Amino acid sequence: MPPFTRFRQLPVRDKVNARRVAARAVAWGTTAVSAALVLGALLLPNRLALITPGAFAHIPVEAVVGAAVLLMLPRTPRRVAAVLAGVFLGLLTVLNLLDIGFNEFLGRGFNVVLDWILLDDAQSYLEDSLGPTTATAAAIGAGVLVLVLLALMALACLRLGEVMARNSAVATRTVLVLGTAWVVCATFGAQVAGLPVASRSTTQRVEDRVERVRATLRDEREFAKVAAVDTFGDTPGDRLLTGLRGKDVIFTFIESYGRIAIEDPLIAPGVDAVLDEKTKELRAAGYSAKSGWLTSATYGGSSWLGHSTFLSGLWIDNQNRYRTVTAGDHLSLTRAFKRTGAWRTVGIMPGVTKSWPEARFYGLDHVYDSRNLGYRGPKFSWSTMPDQYALTAFERLEHGRHHDKPLMSEIILTSSHQPWAPIPRMIGWDEVGDGSVYDRIKKAGKDPKDVFTDSTQVRTEYGKSIQYSLTSLIDYVVKYGDKNTVLVFLGDHQPLARVSGDHASRDVPVAIVAHDPAVLKRISGWGWQDGLRPRHDTPVWRMDTFRDRFLTAYGPGEGTGPSAAKTQAKPAERCPTKPAGKTPPKPAAKTAAKTAPKSSPKRAAKTPARPAPKPSGAVRQP
């Protein structure tokens with residue numbers, strides 16, 4: 001017999017008792033869920049790896065104090081306080097969830113001042129990687145989740161406040177017992193899962209967020225002063241880059257090409273084999289190469305911060321710094337070429353999908369983005385086109401044409417951008433055409449959802465994408481380069497923590513390739529390794545020091561630059577493994593002064609930095 005039918009046949013007294021039991025069970029259940037929500041919000045770690053049962057086996061002092069306050073308040077103020085506390089806990093939970101996401105992808109927590117702009121970039125990334133339907137559903141789901149969290153937390157606190165008010169004697173004794181237990185555990189240092197039983201993690205987290213906000217605002221003011229000082233700012237064009245006159249210089253950034261690609265036991269064998277093989281091919285074609293390490297200003301994403309750090313000689317580790325420097329007149333390495341008047345300067349930016357006002361800061365005469373590179377093939381997840389096609393377009397549009405001046409080119413290669421599926425493959429250079437040939441190659445590739453959710457496969461495919469990018473670039477140089485070709489290529493940052501691990505450095509490989517031996521002779525004092533693969537103990541420099549070292553080495557005179565012993569970063573000057581949100585201990589403007597020509601005076605900016613729009617296109621990744 002169905003339960004409802006049996007209930008209807010019960011006597012009236014039994015029905016009343018059954019309703020009372022059910023109501024009591026619902027009430028107890030609601031109270032238990034409310035307590036679990038509040039405790040969960042107070043104890044939720046901000047890193048995915050720390051979310052274990054032991055993380056919630058603690059006594060949060062905020063719960064004890066909050067309960068005591070609610071017990072002392074009269075009815076109306078108590079309800080208002082409970083709702084406000086619930087909304088606060090809801091917001092705190094949202095920020096903790098953002099921290100978890102940012103730690104997983106970028107190796108750092110969410111900055112409440114600077115990082116809201118990246119949520120829009122994350123939406124664009126999901127559209128490119130998983131399709132517009134999935135991205136829209138994810139955005140709607142995230143919005144609903146925020147509203148539900150705020151409402152549930154407010155109702156949970158309101159429920160607990162009412163229960164304590166109705167049972168004030170029991171609630172008071174419970175609060176006294178928990179408060180005493182907290183003090184005893186704090187006094188004796190009792191721990192569970194390596195964390196204190198007497199927890200004040202929420203208070204500490206709020207204090208940390210407030211301090212980070214203050215540090216961010218303070219950093220913005222201090223960085224404006226640093227950016228206004230430029231060691232090479234007044235150097236005339238005829239004293240810049242004299243050691244490279246007549247050379248076609250190519251600066252290339254390889255997306256997510258980090259130290260992990262060369263040293264990780266799973267990833268390195270394939271990548272190292274490619275580097276060694278390509279070193280031999282370059283040598284056979286008459287080229288030489290030297291390689292080293294640079295410590296990037298970013299990690300796991302925000303590629304434009306790495307690009308601007310490398311080219312400006314300033315430590316650009318957040319969006320405010322990026323806006324400040326790109327809106328000002330600080331001399332970028334690429335603009336130094338333009339100042340000489342001896343080079344035509346171009347940019348190949350396949351990841352840029354909209355207007356890119358930063359081209360003025362970088363001193364590029366012409367920028368080719370995804371809209372005018374002539375590509376008619378499919379996208380490969382985030383990457384708008386394969387690297388081999390981008391290089392083929394560069395040859396067709398610029399490098400293969402006759403010019404009155406040599407070329408200085410900035411090229412961004414994007415095929416090694418997450419989610420690393422599907423990956424293009426190399427084809428004959430004469431087969432590339434307009435890119436439509438890549439339709440069948442994409443169809444034969446792997447599904448990004450399958451790759452990105454598999455912790456082993458995502459690392460394997462990341463390594464394959466780096467192999468493809470390196471092969472495309474070096475094969476291009478061997479095929480289309482000549483005696484005047486100079487290639488400088490590097491990674492912009494390490495891949496996200498899912499690939500590189502929770503404690504990876506920010507180091508990225510960098511290499512200079514040249515046909516003319518005189519080019520590499522000028523950096524013989526740098527201590528770099530011969531070939532494309534740096535050794536583990538090859539000197540590591542901060543990325544913001546490269547501009548001044550490069551301008552010094554290739555300026556007037558022989559200029560090999562400081563010796564390796566002098567240039568290797570001291571431990572105190574090395575960048576933190578994860579971003580700390582603070583100004584580096586040694587501003588780039590100061591370190592630049594040690595390596596720049598004495599004839600290059602410092603200058604202060606004549607006008608304050610103008611606001612600049614957020615980066616677009618190639619900088620859309622989270």
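A nonpolar core is a set of buried Ala, Val, Leu, Ile, Met, Phe, Trp, Tyr and Cys residues joined through side-chain atoms within 4.5 Å. The exercises below concern a predicted model, whose protein chain comes to 23 helices and 13 strands, with buried residues making up 53% of its 622 residues.

**Exercise 1. The nonpolar cores**

Task: Describe the largest nonpolar core, state which helix gives the most to it, and list what Phe310 is in contact with beyond its sequence neighbours.

Solution. Begin with the extent of the largest core, which has 61 residues, those with the most contacts inside it being Leu241, Leu244, Phe310, Ile512 and Phe550. Helix H4, residues 75–106, gives the most to this core, with five residues. Next, take Phe310 and leave aside its neighbours within four places in sequence: the residues in contact with Phe310 are then Phe251, Phe253, Leu294, Leu333, Val488, Leu490, Met543, Phe546 and Arg547. Finally, another core lies apart from the largest one; this other core has 58 residues, and Leu413, Trp420, Val458 and Val477 are among them.

**Exercise 2. Helix H15 and its cover**

Task: Compare the span of helix H15 with that of a straight helix, then establish how many of its residues are buried and what covers them.

Solution. Helix H15 runs over residues 387–399 and has 13 residues, yet its end C-alpha atoms are only 16 Å apart, short of the 18 Å that a straight helix would reach at 1.5 Å a residue. As to burial, 12 of the 13 residues of H15 are buried, so that by the cut-off of under 20% relative accessible area the helix is mostly covered. The buried residues include the charged Asp387, Glu395 and Glu398, as well as Tyr389, Leu391, Phe394 and Leu397. The cover over the buried residues of H15 includes strands S5 (248–254), S7 (344–349), S8 (366–369) and S9, together with helices H16 (438–443) and H18 (455–480).

**Exercise 3. Two serines**

Task: Why do Ser409 and Ser472 count as buried, and which residues are in contact with each of them?

Solution. Ser409 is found in strand S9, residues 407–413, and counts as buried because its relative accessible area is 0%, where the cut-off is under 20%. With neighbours within four places in sequence left aside, Ser409 is in contact with Val249, Ile250, Phe251, Val346 and Phe394. Of these, Phe394 belongs to the buried residues of H15.

Ser472 has its place in helix H18 and is buried because its relative accessible area is 0%. On the same exclusion of neighbours within four places, the contacts of Ser472 are Asp387, Gln388, Leu391, Met426 and Trp429. Asp387, Gln388 and Leu391 are again buried residues of H15, whereas Trp429 stands 43 residues from Ser472 in sequence and 9.9 Å away in space, C-alpha to C-alpha.

**Exercise 4. The largest pocket**

Task: What is the volume of the largest pocket, and which elements and residue classes make up its lining?

Solution. The volume of the largest pocket is about 1,100 Å³. Its lining has 38 residues, and the closest to the centre of the pocket are Val38, Ala63, Ala67, Leu160 and Met164. At least two lining residues come from each of helix H2 (12–43), strand S1 (59–60), helix H3 (61–72), H4, helix H6 (132–166) and helix H7 (168–188), and H2 gives the most, with nine residues. Sorted by class, the lining has 29 nonpolar, six polar and three charged residues.

**Exercise 5. Backbone details in loops**

Task: Which peptide bonds preceding Pro419 and Pro422 are cis, and what are the phi values of Ser302 and Ser381?

Solution. A cis peptide bond joins Gln418 and Pro419, with omega about 15 degrees, and the bond from Ala421 to Pro422 is cis as well, with omega near -10 degrees. Pro419 is found in the loop between S9 and H16, and so too is Pro422.

Turning to phi, Ser302 has a positive value of about 55 degrees although it is not a glycine, and Ser381 likewise has a positive phi, near 55 degrees. Ser302 is placed in the loop between strand S6 (288–295) and helix H11 (303–312), whereas Ser381 lies in the loop between S8 and H15. Ser302 counts as buried because its relative accessibility is 3%, and Ser381 because its relative accessibility is 6%.

Methods
Residues numbered from 1 in each chain as written. Predicted model: local features only at pLDDT ≥ 70, side-chain atom pairs only at ≥ 80, totals over all residues. Heavy atoms only, no water. Buried < 20%, exposed > 50% of the residue type's maximum accessible area, 1.4 Å probe, protein only. Helix = DSSP H or I, 4+ residues; strand = E, 2+ residues; numbered from the N terminus. Contact = heavy atoms within 4.5 Å. Expected span 1.5 Å × (residues − 1). 1 Å grid on protein atoms, 1.4 Å probe; cavity = no way out; pocket = protein on both sides within 12 Å on 5 of 7 lines; lining within 4 Å. Points joined across faces, edges and corners; volume = space filled by probe spheres on them.
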